[in-house]
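Thanks for making time this morning; I would like to walk you through one structure, beginning with its pocket and ending with its sheet. Please have the sequence and the model open while I talk.

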Amino acid sequence: MQRSHTLAADTRVNNAGVSIFGRCMDVSIPDMKRMFDTNFWGVVYGCRAAVKYFQESRRSGALINIGSFFGDRATPIQSTYCTTKHAVHGWTDALRMELEADKIPVSVTLIHPGRIDTPYNEHARSYMPKQPAHRGMIYPPEAVAEAILYSAEHPKRDMYVGFQAKFFAVLGALAPRLMDKLMEVWMYPSQQSDRPSRDREDNALYRPGYGMHERGTHQGWIRSGSLYVKASKHPVFTTVAVVASLGVAIWWLMASFVQSY
């Protein structure tokens, strides 16, 4: 299907999500199941409703699911969130192939955001002593919106938001044990702030959280945009962007290690 410079006739974006910060053996099974209801089953229900509409209306369109770089590579502390996003990635890939095989004119895109400056951390259920928060390089929500809009205009299989998302996916696939060791050192301090955690019941896992807030309460370098998203719009520059991103990523990880110690 070819589309360019115009929004798809119809576009569906599945973006519901919530997280839990806690160790694998500490998080309760009911909490895990509840999060799957939102993060995974919410996407499945949304996709099925959208595909049914596209089939019945015979209209072309775009189906865009919001995954995560933690759907490509799991992390300590957010085990259930990672698992739901791995499931979303698998569902999206399978659905894409089936729609293509059936020649249904719907592009299926998976967005892989890195760390984004939203209230995601404030809405999460926390089992940790310190308040969940991103530390390190953080991207603005506008960068994700830019990737979504581009995918609605141009059929894309995947869109990575931020070099860190691509870096985790590539290095995790090429050197999984190395990535294990890096994340064991880096991910514990980089997912918690320096202030006490909110009460475990004060979250959006079972009921709506506070609304109308665009930004979170993270501690780090908040970027103004994502150069990787902009490079992805021009495939000829994507390879150069990947190489440059890997160099920056290595520097960033080394700096994070120094700060951790």
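Before I name any elements, let me say that helices here are DSSP runs of H or I with at least four residues, strands are runs of E with at least two, and both are numbered from the N terminus. Please also keep in mind that this is a predicted model.

Let me start with the largest pocket, which holds about 800 Å³ of space. Its lining consists of 35 residues, and those closest to the centre of the pocket are Asn 15, Gly 17, Tyr 81, Thr 118 and Tyr 120. At least two lining residues come from each of α1 (29-39), α3 (79-101), α4 (120-123) and α5, and α5 gives the most, with four residues. By character, the lining divides into 18 nonpolar, 12 polar and five charged residues.

That brings me to the sheet, which is open and has four strands in the order β1-β3-β4-β8, with parallel pairing. Because β1 (11-14) and β8 (158-161) stand at the edges and each has a single partner strand, one side of each is left without a neighbour in the sheet. On average, neighbouring strands of this sheet are turned by 20 degrees against each other, direction ignored.

Looking at one edge in detail, β1 pairs with β3 (residues 61-66) in the parallel sense over four bridges, and Asn 14 stands opposite Asn 65 in β3.

Finally, the helices: α5 (residues 141-153) lies across β1, β3, β4 (106-113) and β8, running at about 165 degrees to β4. Helix α6 (residues 163-174) packs on the sheet as well, touching β4 and β8, and its direction makes about 115 degrees with that of β8.

Key: Residues numbered from 1 in each chain as written. Predicted model: local features only at pLDDT ≥ 70, side-chain atom pairs only at ≥ 80, totals over all residues. Heavy atoms only, no water. Pairing = 2+ DSSP bridges. Axes fitted to C-alpha atoms, helices over the stretch in contact; angles between N-to-C directions. Contact = heavy atoms within 4.5 Å. 1 Å grid on protein atoms, 1.4 Å probe; cavity = no way out; pocket = protein on both sides within 12 Å on 5 of 7 lines; lining within 4 Å. Points joined across faces, edges and corners; volume = space filled by probe spheres on them. Nonpolar A, V, L, I, M, F, W, Y, C, P; charged D, E, K, R; others polar.
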